[in-house]
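Open the model in your viewer and keep the sequence panel beside it. The stops below say what to select and what is found there.

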Amino acid sequence: MKVFIGPRLRQLRKKSGDTQAQMAQKLRISTSYVNLLEKNERSVSVPVLLNLLEAYGVDWRDIAQDEDTSKLADLRAALQDPLFVSDKPDLTQLRAALSHSPEFSNCFLRLHRAYLAATDQLMTVAEAGGAELGAPRLSPEAAVHIFFRHRRNYFPELEISAEKFWNQKVVAPDDIYAAVKSRLLNEFGIRVHIVPVERLSGALREYNEVQKEVILSEALDHPNRIFQLVHVCGLIEQRETLEHILSSSGVSDSHGKTRCKVELANYFAAAVLMPYQPFLDQATEKKYDFARLSAQFGVSFEQACHRATTLQRPGAQGVPFFFFRIDKAGNVTKRFNATDFHLAEYGGACPRLDVHTSFRNPGQIDTQYVEMPDRSRFFVFSRTVDRPVTSRHEQDLRLAIAMGCSLDHVGAIGYAEGIGLADTRITPIGINCRICPRKNCDQRAHSAVILTDPIDTRRRGATRYDN
């Protein structure tokens, strides 16, 4: 496989204050070869990557990391904004921008995210009656999502650590709970207690470092008790690895760092309970039947779905999925993405997605073909999942999750069998109402933030926003 590192090599040279001739001397290659590498007119060889490590102290895996795929998806998603409807660059132009002007592409994406953040803040202020504005900034959740997307939702450091967790022992799913309890006690002196829900006041798990105990609510079912214990093991045993990843995350505020650390520990727990290659093999064999995968690996349906989004190891990739979870009000409460599908950073999901109707059919799989405003098409399947209930007075805590992939991969998904494109309609959807350009949508809940047509009092469309 050819690896092109032109923009990153140029950034490294400029950061070091070297000319092309000086870099060529350090890498023991010609100046013309450095020039060709920086222009992406030559692929980099393994000896040159090793020389980079020796001369500049740069891990070749970092500089050779292929970021263009996720950046290209981010650019395409940003350009779905109605601002660019009349003069949108094509795919060739976007690839050229990434290849020759990566810094400009990064600046454009930062500017667009700031614009979305400012728009969302202005909307919030307007709805609240005009409170004082602060500097627009990303929410901690959005910052974490961007970081995971930048890494293509794949962290090889955590995968390697997870593979070493059992020290080459084979532990059956039925025995994992007892094995993790013994590990915590024997290696760290930490005891595990399951307590009545009243003792934790609505919480599901607490780790007390001083008392050296993990307290689990009896509201947790068996798979989630296991997951929480492995999560705690990750926080303890992978402390240095987690901090190393956090240091490169770009997440700066304390809330965001804590949120990111929790998600990374969740990633580690999923990798331990669903080892990469065995899970990928079974997912491929079972055509991503997540009910069967969850039963086989002793995890929840949601955990199995989430794990599938992380199967992005170079040379051993699974189907690239997007994943998001909503509550009954349509709020997106969790999202991960390894596709070109753009998940909204602000507001809810598109109401035309059938994930919203999953609440009518609890536990059943709903399927749908959808088309975004840029004509990209995806197969989406959704299902409800239940959250732990801690009181008989609570309403049901049911949520719904959606998984989707591009039509290129639909043949690998068992849920799509018997539902061909010729047999079903394709639903036009958008990112969400505030930035969706579909003017005649009968589900529109807001006017588009910009580029709206003047209201015509003589006409009433499908909604009050369609005049």
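Select Glu163 and Arg313 and show their side chains: they meet in a salt bridge, with 3.1 Å from N to O. Glu163 belongs to helix 10 (residues 156–163) and Arg313 to strand 4 (residues 312–313), so this pair ties together parts that are 150 residues apart in sequence. Is Arg313 buried or exposed? Its relative accessibility is 19%, and Arg313 therefore counts as buried, since the cut-off for buried is under 20%. Bear in mind throughout that this is a predicted model.

**Other salt bridges**

The structure holds 15 salt bridges. Go next to Lys287 and Glu417, which form one whose closest N and O atoms are 2.9 Å apart. Both residues sit in loops: Lys287 in the loop between helix 15 (276–285) and helix 16 (290–297), Glu417 in the loop between strand 10 (398–406) and strand 11 (426–428). The pair therefore ties together parts that are 130 residues apart in sequence. Colour the two by accessibility: Lys287, at 26% relative accessibility, counts as partly exposed, while Glu417, at 51%, counts as exposed.

Now select Glu302, Arg325, Lys334 and Arg387 together. Salt bridges that share partners join these four residues into one network.

**Helix 14 and its neighbour**

Move to helix 14 (residues 254–273) and pick Arg259 and Glu263, which are four residues apart in this helix and so separated by about one helical turn. Their side chains meet in a salt bridge, 3.2 Å from N to O. Which description fits each partner, buried or partly exposed? Arg259 has a relative accessible area of 29% and is partly exposed; Glu263, with 12%, is buried.

Keep helix 14 displayed and add helix 13 (residues 239–247). The two helices pack at an angle of about 130°, and their axes are 10 Å apart. Helix 13 and helix 14 are therefore oblique to each other, and their crossing is right-handed. To see the contact, select Leu242, Glu243, Ile245 and Leu246 on helix 13, then Lys257, Cys260, Lys261, Leu264 and Ala265 on helix 14.

**A three-stranded sheet**

Hide the helices and look at the open sheet of three strands, whose order is 1-3-2 and whose pairing is mixed. Which strands form its edges? They are strand 1 (191–195) and strand 2 (205–208), each pairing on one side only. Neighbouring strands of this sheet are turned by 15° against each other on average, with direction ignored.

Zoom in on strand 1 and strand 3 (residues 213–217), which pair in the parallel sense over five bridges. A pair to label here is Ile194 and Leu216: Ile194 stands opposite Leu216, which is in strand 3.

Bring back helix 11 (residues 176–188), which packs on the sheet and touches strand 1 and strand 3. The direction of helix 11 makes about 130° with that of strand 1. Then add helix 12 (residues 222–237), which also packs on the sheet. Which strands does helix 12 touch? It touches strand 1, strand 2 and strand 3, and its direction makes about 150° with that of strand 3.

Conventions: Residues numbered from 1 in each chain as written. Predicted model: local features only at pLDDT ≥ 70, side-chain atom pairs only at ≥ 80, totals over all residues. Heavy atoms only, no water. Pairing = 2+ DSSP bridges. Axes fitted to C-alpha atoms, helices over the stretch in contact; angles between N-to-C directions. Contact = heavy atoms within 4.5 Å. Buried < 20%, exposed > 50% of the residue type's maximum accessible area, 1.4 Å probe, protein only. Parallel < 35°, antiparallel > 145°, perpendicular 65-115°, else oblique. Left-handed = near helix turned anticlockwise from the far one by under 90°.
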